[in-house]
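Reader: Hi! I'd like to go through this one with you before I set anything up. Could you walk me through it?

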Amino acid sequence: MAEFKLAMVFKNAMDKNVSMTIPDVKPTVTQAEAVALMDTILTVGIFTPDNIALVSKVDCKMVETTTSDFYNAP
């Protein structure tokens, strides 16, 4: 079974990279939608890790993980 997550990296006001991951996203999320989400996060300013504002986008990836169950205990 494949699982998808959106892995985003921002630069904060102290010039440090800050990672943010959104689990369980639909595999149909487009590049434009992901970038728009990052823009919204920056514009709204709701996330301030360690009380330091996020100021720019660095990277964004859709990560697909496939899990194979070999054994499930009864």
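Author: Happy to; we can talk about the helix, the hairpin, one strand residue and the salt bridges. Keep in mind that this is a predicted model.

Reader: Thanks! Let's begin with α1: how many residues does it have, and how far does it reach?

Author: Helix α1 covers residues 31–44, which is 14 residues. From the first C-alpha to the last it reaches 20 Å, close to the 20 Å expected at 1.5 Å a residue.

Reader: Nice. Which residues of α1 are buried?

Author: Ala34, Met38 and Ile41 are buried in α1. Looking down the helix axis, the buried residues fall within an arc of 60 degrees, so they line one face of α1.

Reader: And what do they pack against?

Author: The buried residues of α1 pack against three strands: β1 (2–12), β2 (17–22) and β3 (54–66).

Reader: Which residues are exposed on the other side of α1?

Author: There you'll find Ala32, Thr43 and Val44 exposed.

Reader: What follows α1?

Author: Gly45 comes after α1, and its phi is positive, near 70 degrees.

Reader: Good to know for my backbone checks. Switching to the strands: in which sense do β1 and β2 pair, parallel or antiparallel?

Author: Antiparallel, with 6 bridges between β1 and β2. As one example of a bridge, Phe10 has Val18 in β2 as its partner.

Reader: How many residues sit between the strands of that hairpin?

Author: The hairpin of β1 and β2 has 4 residues between the strands. Asp15 in this hairpin takes a positive phi, near 65 degrees.

Reader: Is Asp15 buried or exposed?

Author: Asp15 has a relative accessible area of 57%, over the 50% cut-off, so Asp15 is exposed.

Reader: Does Asp15 have a partner, and which residue is it with in a salt bridge?

Author: Lys11 forms a salt bridge with Asp15, and their closest N and O atoms are 3.9 Å apart. Lys11 counts as partly exposed because its relative accessibility is 22%.

Reader: How many salt bridges does a search of the whole structure find?

Author: The search finds 3 salt bridges. Another one joins Asp39 and Lys57, with the closest N and O atoms 2.4 Å apart. That pair links distant parts of the chain, since Asp39 is in helix α1 and Lys57 in strand β3, 18 residues apart.

Reader: How accessible are Asp39 and Lys57?

Author: Asp39 is partly exposed, with a relative accessible area of 31%. Lys57 is at 38% relative accessibility and counts as partly exposed.

Reader: Which side chains meet in a salt bridge at 2.4 Å, N to O, besides those?

Author: The side chains of Asp59 and Lys61. Asp59 is partly exposed at a relative accessible area of 29%, and Lys61 is partly exposed at 45%.

Reader: New topic: Leu54. Where does it lie?

Author: Leu54 lies in strand β3.

Reader: Why does Leu54 count as buried?

Author: Buried means under 20% relative accessible area, and Leu54 is at 9%, so Leu54 counts as buried.

Reader: What is Leu54 in contact with, leaving aside neighbours within four places in sequence?

Author: The contacts of Leu54 include Phe10, Val18 and Met20, along with Ile41, Leu42, Phe47 and Pro49. Lys11 and Asn12 are also among them.

Reader: Last one: how far apart are Leu54 and Asp15 in space?

Author: They are 9.3 Å apart, C-alpha to C-alpha, while in sequence Leu54 and Asp15 are 39 residues apart.

Terms used. Residues numbered from 1 in each chain as written. Predicted model: local features only at pLDDT ≥ 70, side-chain atom pairs only at ≥ 80, totals over all residues. Heavy atoms only, no water. Helix = DSSP H or I, 4+ residues; strand = E, 2+ residues; numbered from the N terminus. Expected span 1.5 Å × (residues − 1). Buried < 20%, exposed > 50% of the residue type's maximum accessible area, 1.4 Å probe, protein only. Arc of directions from axis to C-beta. Contact = heavy atoms within 4.5 Å. Pairing = 2+ DSSP bridges. Salt bridge = Lys/Arg side-chain N within 4 Å of Asp/Glu carboxyl O.
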